[in-house]
Structure formats: structure tokens, C-alpha cells
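Please open the structure in a viewer and keep the sequence beside it. The tour below proceeds by selection, and each stop describes what is found there.

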Amino acid sequence: MKEALASFQARLAPAEDIFFTWLPRVFLTAILAGSAWIDDAPPLEIVAMLVVIYVAVRIASQFSALRLASPFQNRALSVIFALVILILLVGAFLIVVTFVNSIALSVVG
């Protein structure tokens, strides 16, 4: 049992590397976007949206790398695994943007 768990963890390491490489980038992008939306300045919003789009495209391009780094041998499970990782990154983005907006509203209001 311990061997199977150790093997699973070893196969999971490459996917974790990809996820934790992109997580800080997603956080910083969300902070940038939330801050730009707070200021209500059109040039800042445009630049923030361009950065958000760029990061979203780059993360979407990591789908095949995540699928290949999946600890599962089954193709369907590896696709589901990659989708779950992408959903987690999108969720992290939405959480941070919401948090930044909540802070701004509490300071302004």
C-alpha cells in the first residue's frame, strides 16, 4: 500500500510543479485586474484585461502538459485531472478578484 501511494505521489509531482508555477501568476493577475477595476480608469482596465487574456491563454496552453503530467494512465482520467487543475486556477483567480473588490468596497464604503 505504501509503495502504491509513493508511486502515485511521484507521478503527481510534475503536475504539482505546473500548478504551483502558475498559481502565483494567477494571484498577481487577479490583484492587477481587481486593482484596475477599482480605480475605474479605462487605460488601466484595458491593460489589465490584456494581461488577464494573456495569462488565460497561457494557462489554457498548459492543458496538454497537465494531461501528460497526470498521475493517471487512463486517458479520460488524465483529461478530467487536467480540467480540474484548470478549474482550480480559474477559481483562485475569481476568489482573489472578489477579495480585492471586497476590500475596496469596505474601504470606500
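Helices here are DSSP runs of at least four residues, numbered from the N terminus. By that convention, Ala-48 belongs to helix H2, which covers residues 42-60.

**Before the first stop: confidence**

The model is a predicted one. Colour the chain by pLDDT: the mean for the protein chain is 90, and 99% of the residues reach 70 or more. Among the elements, the lowest mean pLDDT, 87, belongs to helix H1 (residues 2-39). Helix H3, residues 63-69, has the highest, at 93. Where pLDDT is low, predicted coordinates should not be read in detail.

**First stop: Ala-48 in helix H2**

Select Ala-48. Is Ala-48 buried or exposed? Ala-48 has a relative accessible area of 1%, so it counts as buried. Next, display the residues around Ala-48, leaving aside those within four places in sequence: Leu-32, Ala-33 and Ala-36 are in contact with Ala-48. Then add Ile-31 to the selection. From C-alpha to C-alpha, Ile-31 and Ala-48 are 9.6 Å apart in space, while 17 residues separate them in sequence.

**Second stop: Glu-16 and Leu-23 in helix H1**

Move to helix H1 and select Glu-16, which lies in this helix. Glu-16 is partly exposed, with a relative accessibility of 38%. Draw a distance from its C-alpha atom to that of Leu-66: the value is 9.2 Å, although the two residues are 50 residues apart along the chain.

Leu-23 is also part of helix H1. Its relative accessibility is 16%, and because the limit for a buried residue is under 20%, Leu-23 counts as buried. Which residues does Leu-23 touch, not counting those up to four places away in sequence? They are Leu-89 and Ala-92. Leu-88 may be selected as well: its C-alpha lies 9.3 Å from that of Leu-23, across 65 residues of sequence.

**Third stop: Ser-70 and Ser-78**

Go now to the loop between H3 and H4, where Ser-70 is located. Ser-70 is buried, at 9% relative accessible area. Show its side chain: a polar atom there lies 3.2 Å from the backbone nitrogen of Phe-72. When residues up to four places away in sequence are not counted, Ser-70 touches Leu-77, Ser-78 and Phe-81.

Of these, select Ser-78, a residue of helix H4. Ser-78 is likewise buried, with a relative accessibility of 4%. Its side chain reaches the backbone oxygen of Arg-75 at 2.8 Å. With neighbours within four places in sequence left aside, Ser-78 is in contact with Arg-67, Ser-70 and Phe-72.

**Fourth stop: a patch on the surface**

Finally, switch to a surface view and select Phe-72, Leu-77, Ile-80, Val-84 and Leu-88 together. What do these residues form on the surface? They make up a nonpolar patch, with about 410 Å² of accessible area together. Some members have appeared at earlier stops: Phe-72 has its backbone nitrogen 3.2 Å from a polar side-chain atom of Ser-70, and Leu-77 is one of the residues that Ser-70 touches.

End the tour on Leu-88, which lies in helix H4, residues 75-108. Leu-88 is partly exposed, with a relative accessible area of 45%. Leu-23, at 9.3 Å from Leu-88 between C-alpha atoms, is by contrast buried.

Terms used: Residues are numbered from 1 along each chain as its sequence is written. This is a predicted model: local features need pLDDT of at least 70, side-chain atom pairs count only at pLDDT 80 or more; totals for chains, interfaces and linings use all residues. Side-chain values use heavy atoms; hydrogens and water are left out. pLDDT is the predictor's confidence in each residue, from 0 to 100. Helices (H or I, at least four residues) and strands (E, at least two) are DSSP runs, numbered from the N terminus. Patches are made of residues with over 30% relative accessible area and no salt bridge: like charges are joined within 9 Å, nonpolar side chains (Val, Leu, Ile, Met, Phe, Trp, Tyr) within 5 Å. Accessible areas come from the Shrake-Rupley method with a 1.4 Å probe; for residues, only the protein chains shown count as cover. A salt bridge is a side-chain nitrogen of Lys or Arg within 4 Å of a carboxyl oxygen of Asp or Glu. Buried means under 20% relative accessible area, exposed over 50%, partly exposed in between (1.4 Å probe, protein chains only). Contact means heavy atoms within 4.5 Å. A polar contact is a pair of N or O atoms within 3.5 Å; within protein, one must be able to donate a hydrogen and the other to accept it, and residues adjacent in sequence count only if both atoms are side-chain atoms.
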